[in-house]
Amino acid sequence: MARLYVLLFLAQIVLAVCALISCLSAEEGQIRALPRIAWVLIILFFPLVGSIAWFVAGREPSSGAGKSWPRGGGLPERQRPRPVAPDDDPEFLRSVQDRAKQQDQELFRRWEEDLRRREDDLRRHDGEPPREGDRPEV
């Protein structure tokens with residue numbers, strides 16, 4: 001018999017906690033009959049009766065009562081946009097390849113300019129070795 005009382009006490013506590021969470025997370029327009037603080041006090045002082053009263057009379061009934069919740073936000077599978085990881089997105093991969101190609105071309109262009117400048121310096125100095133300050137930073 002004591003186990004039954006413990007079980008009923010635990011059920012009452014769980015019901016009260018659920019009612020408190022529901023009351024505290026309800027939007028202001030969803031609360032009926034009394035202000036939120038009154039419902040919280042009723043649920044705290046009279047856990048069993050207050051919790052049942054909250055679920056029956058305190059909150060606005062949902063418009064879809066008796067209907068099942070739609071999966072995935074209500075959109076059919078074929079209409080819902082699928083999230084794509086960056087490494088699976090062809091547009092992202094193309095942009096990465098284009099960026100790498102541009103960087104490679106820019107590096108190659110700077111190397112060619114440096115090589116031409118060094119060759120011109122060598123032709124102008126007629127055999128003098130290039131100075132240390134003439135070297136570009138890469």
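The exercises below, each with a worked solution, concern a predicted model.

In this predicted model, local features need pLDDT of at least 70 and side-chain atom pairs count only at pLDDT 80 or more, whereas totals for chains, interfaces and linings use all residues. Residues are numbered from 1 along each chain as its sequence is written, and side-chain values use heavy atoms, with hydrogens and water left out.

**Exercise 1. The salt-bridge network**

Task: Work out which residues are linked with D114 in a network of salt bridges.

Solution: Begin with the criterion, which is a side-chain nitrogen of Lys or Arg within 4 Å of a carboxyl oxygen of Asp or Glu. D114 meets this with R117, their closest N and O atoms being 3.1 Å apart, and both residues lie in helix α4 (residues 90-125), 3 residues apart, or about one turn of the helix; helices are DSSP runs (H or I, at least four residues), numbered from the N terminus. Next, R117 also bridges to D121 at 3.7 Å between the closest N and O atoms, and D121 in turn meets R124 at 3.0 Å, N to O. The network therefore links D114, R117, R118, D121 and R124.

**Exercise 2. Exposure along the network**

Task: Decide whether D121 is buried or exposed, and do likewise for R124.

Solution: Buried means under 20% relative accessible area, exposed over 50%, and partly exposed in between, with a 1.4 Å probe and protein chains only. D121 has a relative accessible area of 10% and so is buried, while R124, at 59%, is exposed. By the same reading, D114 is buried at 15% and R117 is partly exposed at 32%.

**Exercise 3. The core and G58**

Task: Identify the residues of the largest nonpolar core, and then find which residues G58 touches.

Solution: A nonpolar core is a set of buried Ala, Val, Leu, Ile, Met, Phe, Trp, Tyr and Cys residues joined through side-chain atoms within 4.5 Å. The largest has 9 residues, namely A19, L20, C23, A26, I31, W39, V40, I43 and W54, and the elements that give two or more residues to this core are α1 (2-25) and α2. Turning to G58, which is found in helix α3, its relative accessible area of 0% makes it buried. Taking contact as heavy atoms within 4.5 Å, and not counting residues up to four places away in sequence, G58 touches Q30, I31, R32, W39 and A53. G58 and A19 are 39 residues apart in sequence and 10.0 Å apart in space, C-alpha to C-alpha.
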